[in-house]
Amino acid sequence: MTDSNLPVAIVGAGPIGLAAAAHLIERDIEVVVFEAAAEVAASQRAWGHVRLFSPWRYNVDKAAARLLEAKGWRAPNPELLPTGAQLSELYLQPLAAIAPIQRSLRVDHRVIAITRHGLDKIRTKGREAVPFLLRTQRSTGQVEEFRARAVIDASGTWWSPNPLGAAGIAALGEAELAHLIHYGIADVVGAQRDRYAGRTTLVVGAGHSAANTILGLAELARQSPNTKIHWATRSDNLTRVLGGGENDGLPARGKLGSDLQQLMDQGLLTLTRGFRIEAVGQSEGKLTVSGTKDGQPHALTGIDSIVAATGQRPELAMTRELRLSLDPALECALALAPLIDPNEHSCGTVRPHGALQLSHPEPNFYVVGSKSYGRAPTFLLATGYEQVRSIAAMIAGDLAAASRVELDLPATGVCVSDLADVGEPSSGGCCPPAKTAKKSCC
């Protein structure tokens, strides 16, 4: 039977997982944090060269800050923009070193399965009274099992990138040519400079990761004139990535879109919109990316390297034996889907949500952080911090605090409903009609 003395298991020792631990520790609830990598903040270190467009004040959890400040930690300037490396070095690593969190950490423990002790997902009677069972595997191959009273999955999506193929599966030839494809945000002016300088690179994607890579390539092109940039997007509408400019509540995010627009206006990159990739091939040392555009066959040739900034998707295999209620399209909690569906609106500002919206038919199991968004984009750390504050309160039995969800996020300056229509925004979703001062979530 479930023992209240069992810990709450947290999967992932990134910013949201460690914040969850901080909130639970404040409520005197024992936790155990499983991290697949050898150190905390593995994802942040992977994109350590990237500067966030949100300042420190949005990137530090309040409970985590209280734990750190009690040990003499001084918060960075709240208005400065950290890089991924700084987020790890100045915040997450010191947080992980706090004694109650350090004791709870199990690094090099990849969670490969979560279920109920002795029960598969078919069994209903008495299910909620049975502890969770987590099976982990270490880099040595050693397998261990742990029991928990509740599970918070903060494992993220960084290591599960979307493929190039427009149909949601790898394009033909993509796996064979993976050594010429970088998934995520390439460090084109730093560690990977030699791979891109003086060469032709195709960047695929219509989000901020693509914009960051393109701007880096443009800087590289100023230093190495033969560097050429091709940009391909599946969508014809670039509103989300070009952003709200001066109207964006995060100036750096607005500037990202404005700088990208300037490159386009100056003709410093070749843009192919509405391109649906189906295959990647190689001939005489050059890549050819083929598919359709406007319903007709189309191909981009003469490519040396590809950056697939195509977003990420949640890894769901480890939760197969749990009873989850997922949106069939986004693979996020059902109640959250209407708030973040990119088919309906472009807002980076999501309505407040917490334990109630993130719950599943499996009692005491929650998915938080970027993984809670499933395949939807625009997740911000501040959203995840509020998620785990609410969930920690729910686990502690403080229903009032769990239900009192507040979320203060900066507006994007862009609000477009029904993104299939490139024309005027509709009145659906969370966006108001165009040219109105009515308050909305955007």
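1. Asn364 is partly exposed in this predicted model, its relative accessible area being 34%. The residue sits in the loop that runs between α11 and β16. Its phi is near 65 degrees, a positive value in a residue other than glycine. For context, most residues other than glycine have a negative phi.

2. Glu331 also has a positive phi, near 60 degrees, and is likewise not a glycine. Its place is in the loop between β15 (305-308) and α10 (337-340). With a relative accessible area of 21%, Glu331 counts as partly exposed, because the buried class is reserved for values under 20%.

3. His360 belongs to the loop between α11 (355-358) and β16 (365-367). Its relative accessible area is 10%, so His360 is classed as buried. A polar atom of the His360 side chain lies 3.1 Å from the backbone nitrogen of Ser325. Residues up to four places away in sequence being left out, His360 touches Arg323, Leu324, Ser325, Leu326, Ala333, Phe365 and Val367.

4. Two cavities of 30 Å³ or more are present in the structure. The largest cavity holds about 90 Å³ of space. Its lining comprises 16 residues, and those nearest the centre are Leu326, Glu331, His360, Val367 and Lys371. Two residues discussed above, Glu331 and His360, are thus named among the residues nearest the cavity centre. By class, the lining consists of nine nonpolar, three polar and four charged residues.

5. The largest nonpolar core contains 91 residues. Leu24, Tyr91, Ile152, Trp231, Ile340, Val368 and Ile395 are the members with the most contacts inside this core. Helix α12 (residues 381-395) contributes the most to the core, giving nine residues. In soluble globular proteins, nonpolar side chains tend to be buried together.

6. Which residues are in contact with Ile395, neighbours within four places in sequence left aside? They are Val8, Leu24, Ile29, Arg149, Ala150, Ile152 and Tyr366. Of these partners, Leu24 and Ile152 also appear in the group with the most contacts inside the largest core, as does Ile395.

7. A second core, separate from the one described above, has 17 residues. Among its members are Ile181, Val204, Ile277 and Leu300.

Note on methods
Residues are numbered from 1 along each chain as its sequence is written. This is a predicted model: local features need pLDDT of at least 70, side-chain atom pairs count only at pLDDT 80 or more; totals for chains, interfaces and linings use all residues. Side-chain values use heavy atoms; hydrogens and water are left out. A nonpolar core is a set of buried Ala, Val, Leu, Ile, Met, Phe, Trp, Tyr and Cys residues joined through side-chain atoms within 4.5 Å. Buried means under 20% relative accessible area, exposed over 50%, partly exposed in between (1.4 Å probe, protein chains only). Helices (H or I, at least four residues) and strands (E, at least two) are DSSP runs, numbered from the N terminus. Contact means heavy atoms within 4.5 Å. A polar contact is a pair of N or O atoms within 3.5 Å; within protein, one must be able to donate a hydrogen and the other to accept it, and residues adjacent in sequence count only if both atoms are side-chain atoms. On a 1 Å grid over the protein atoms alone, a cavity is a set of points where a 1.4 Å probe fits but cannot get out, and a pocket is an open set with protein on both sides within 12 Å along at least five of seven lines; lining residues have an atom within 4 Å of a point. Grid points are joined across faces, edges and corners, and a volume is the space filled by probe spheres set on the points. Ala, Val, Leu, Ile, Met, Phe, Trp, Tyr, Cys and Pro count as nonpolar, Asp, Glu, Lys and Arg as charged, and the others, Gly among them, as polar.
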